[in-house]
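Here are some short exercises on backbone geometry and empty space. Please have the viewer open, try each task, and then follow the solution step by step.

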Amino acid sequence: MHHEVFLALIGVTGEVVVEEPSGESFLIDANYCPSLLSVADRAILLQVLRVGHAYKHIAAFAAPLAPVPAVAASHSLYRHALQHAIGTVLREYERHIAELEAVVLSKASTRTLPLAYLQVELATELDTFPFLLRLIQQVRTLRGKDVLELIKAHETQGIPSLQQVARRLLTALHRVLFRQMLAWMVSGSNLVDPYEEFFIVADASSFALALARAPLRYWPATVCEDVLFVGNAMRTVRETSLVSALALQADIAHLLQTPPDVWDSFAFASSVSALRAKVASELYMHVLSSAKFVPALYRMKAFFLCGDGALFNALLEAMDPIMRTPPHARSETDLHHGLWAPLLRQYDTSMRTDDDDDADKYFIALKVPVQNFDTRTFSGLVSEGVTSDAGGLECSGPTYGIGYWPHAQYVQGSAASISVTFSIASPMTSVVQGLSVLIADTDAPSDVAPPSWTPTSGLAVSGAVPTLAVEVVLATTVTQASMATSTATLRVLDSKVGSTPLFRSAESIELPMSGIWTLDVAFTLCLPTRGEPGMLLCVRDVSPVFEIPLPRRKEASPVVLGLGLAPAVQVHHWSFATAPVADPWRYVTLMLTPSPSLRYRQLLFPSSLLKSYADVFRVFFRLKRLLYTLNHLNVAGVHRDCLTRHEMTFVLHHLLLYFHVSVVEASFETLLATISATTDFDVVQRAHATFVAGVGKKCFVHATAVMAALDRVLETVGRFVQAPSDLLPTFRDHCRLLFTVLNQTNARELMAQLDFNGYVSSLVSTDRRA
């Protein structure tokens, strides 16, 4: 019986110890030993056998892994690390059982099994093995941060033996997390994340945080931010000073080489913060002078914040004849070569100093996003994996092809429509053929992470930029008579939701035999049967029309539109339409173009700050353009029009005066003072971000109510400069609305400047008397 019991303790049953038919425990077979054990011994033995039963199921979980599954979502580095750590616990237990068996068998005088001795020796396993069994039942379907948070929750319990095991498992999991952090922080480009579990993700051409992957229940979010900063910074330090980079890499390796046995979030956050401060100091030494950051700030202020009045007066004077007609597809190219590039060269020549270097200049491009399009030619797309010719756009390669419309589209009134006409060049049964329309909430195609596609499962969208994908999954059946019939399944995917589709048509749609079909997508404020915002989706001339509820889109929000094509799919026609705007030039903006010689710009001017700069520029440039047109408008001899122009000029002039002097200049002086008073790059970076955010806030760029009221004022001015008429009452009404909204915000300085001669007070008092 000795061997039976010891074999059962490592999960192997026999004739005496058997497993219950339900598999819930080990039992003693009474047919083999009906009276061998007393009632007390039987109770002790059954308790000891609980350890063997738990061992059997725990060992099945900790067994060597099968081949890695093809679907990344079904595997996890952290679950594998947990399996390995539990396997180590089991190896120690097996050695302990072997030693116990040797001790028991060495006592020749002992003819009966010392059950009480086994109970005492296995007291720890009697607690820990049932705990591990419950743990693995919970963790089987978990990945990444969920595994970490589950183990950490058990690590804080009060039973010492269980707490020790949980700490041991948590240390093993932290070893994986530390290796991922080490790989990123040392290289700044290497992500050891085969199963998408790390809290830093590749986002188009840069890297971003994915806090949804971080174990935030016990892991400070500041640590994630510091890790992202250090990785980005180390890439730059390595390019500027290899000696400094090696020293910092040694510090990083020392911090992350071995995780602590007892986790202390505060101590770890302090250590990472200190490392970030050290890296920031090195960045300040090697980057700011090389990148000429302060001259670059002056350049950004002159252009993006319209700080150089002479430059923009010259620009507006040259652009005024062009802007009298709506922009077209070649407007941006014509303006760049004929006007903007010569003006920029002249500006750079006038501002050049002896130590200037052409390689260090920050080149700024003028962008004219043409709104609405209807095209059958696709040569101007930002594309990858697709080819265009007279017949349209086609994906001829074995992988998915992507093409983005080069101009951001601004959705008006939360309503828009998209149409795509497509066909299949050659049916394939081995791959999922289809077409997708991509709608990304950004204003630059470079920000969008390309969707992933596999020949068997089709499309999946992800990335930091919210992206909606409308996919047509095609299926073609060829009969014996060589007749091909095609059906389609419609899906709607959302990167914010994950791999689960927002919508999938319940049944396949039989497509017309023509072989050329049109997908229609329409965003609306009111679905016909639901009465709420959403999307209408259908294949033209084929019923039904599907209604998918979606949140209402923000007014005038930019989107980047793209087409995704599976192999052998062709697109013949593509169109987008939204409500027209009164001023088609209102979305003119600037862009800081990429430059390989400026290796530090991703840290100094990240894409989020450049977008904020562009948002401020659009407001400032529109004000300047209308004010310029008012000043040059000929209304001589018409007293009413002269009075209207004077009042409009007064309001726009003092708005711009407040924005430039009270906001931009005051905030810029504070920024320069902060930069000159520190040697910490992190402080400089935060001061720059605070400056840009402060300018946007004080200029109300992101205040929806203020911008809506200001838009009414500017639209009235635009109508007046196009055709002078009696618009003074309308203008005053819109100004009253603007002043009322400003009174409800923190705009006392602006209101005081507009009311220095009693203008605002007179309008408000007139409104009250009425």
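A pocket is an open set of grid points with protein on both sides within 12 Å along at least five of seven lines. Keep in mind that the model is predicted.

**Exercise 1. Describe the second largest pocket: what is its volume, and which residues are closest to its centre?**

Solution.
- Step 1: The volume of the second largest pocket is about 1600 Å³.
- Step 2: Its lining has 45 residues, and Glu 196, Arg 213, Val 461, Ser 462 and Gly 498 are the closest to the centre.
- Step 3: Now look at the elements: those giving two or more residues to this lining include helix H6 (145-155), strand E3 (200-203) and strand E17 (484-494).
- Step 4: Sorted by class, the lining of this pocket has 25 nonpolar, 11 polar and 9 charged residues.

**Exercise 2. Find the largest cavity and work out which element gives the largest share of its lining.**

Solution.
- Step 1: There are 4 cavities of 30 Å³ or more in the structure, and the largest cavity holds about 50 Å³ of space.
- Step 2: Among the residues lining the largest cavity are Leu 655, Phe 659, Cys 699 and Met 707.
- Step 3: At least two lining residues each come from helix H16 (639-676), helix H18 (704-722) and helix H19 (728-743). The largest share, 3 residues, belongs to H18.
- Step 4: The class count for this lining is 10 nonpolar, no polar and no charged residues.

**Exercise 3. Turn to the second largest cavity: how many charged residues are in its lining?**

Solution.
- Step 1: The second largest cavity contains about 40 Å³ of space.
- Step 2: Its lining includes Val 411, Ile 439, Phe 523 and Arg 553, while E12 and E23 are the elements that give two or more residues.
- Step 3: The lining of the second largest cavity has 8 nonpolar, no polar and 1 charged residues.

**Exercise 4. Inspect the backbone: are Ser 414 and Ala 568 buried or exposed?**

Solution.
- Step 1: Start from the usual case: most residues other than glycine have a negative phi, and most peptide bonds are trans.
- Step 2: Ser 414, in the loop between strand E11 (409-411) and strand E12 (416-424), has a positive phi of about 60°. Ala 568 has a positive phi of about 70° and lies in the loop between strand E23 (557-565) and strand E24 (569-578).
- Step 3: Buried means under 20% relative accessible area. Ser 414, at 4%, is buried, and Ala 568, at 6%, is buried.
- Step 4: To finish, find the cis peptide bond between Ser 543 and Pro 544, with omega about 5°. Pro 544 is in the loop between strand E21 (534-539) and strand E22 (546-549).

How values were computed. Residues are numbered from 1 along each chain as its sequence is written. This is a predicted model: local features need pLDDT of at least 70, side-chain atom pairs count only at pLDDT 80 or more; totals for chains, interfaces and linings use all residues. Side-chain values use heavy atoms; hydrogens and water are left out. Helices (H or I, at least four residues) and strands (E, at least two) are DSSP runs, numbered from the N terminus. Buried means under 20% relative accessible area, exposed over 50%, partly exposed in between (1.4 Å probe, protein chains only). On a 1 Å grid over the protein atoms alone, a cavity is a set of points where a 1.4 Å probe fits but cannot get out, and a pocket is an open set with protein on both sides within 12 Å along at least five of seven lines; lining residues have an atom within 4 Å of a point. Grid points are joined across faces, edges and corners, and a volume is the space filled by probe spheres set on the points. Ala, Val, Leu, Ile, Met, Phe, Trp, Tyr, Cys and Pro count as nonpolar, Asp, Glu, Lys and Arg as charged, and the others, Gly among them, as polar.
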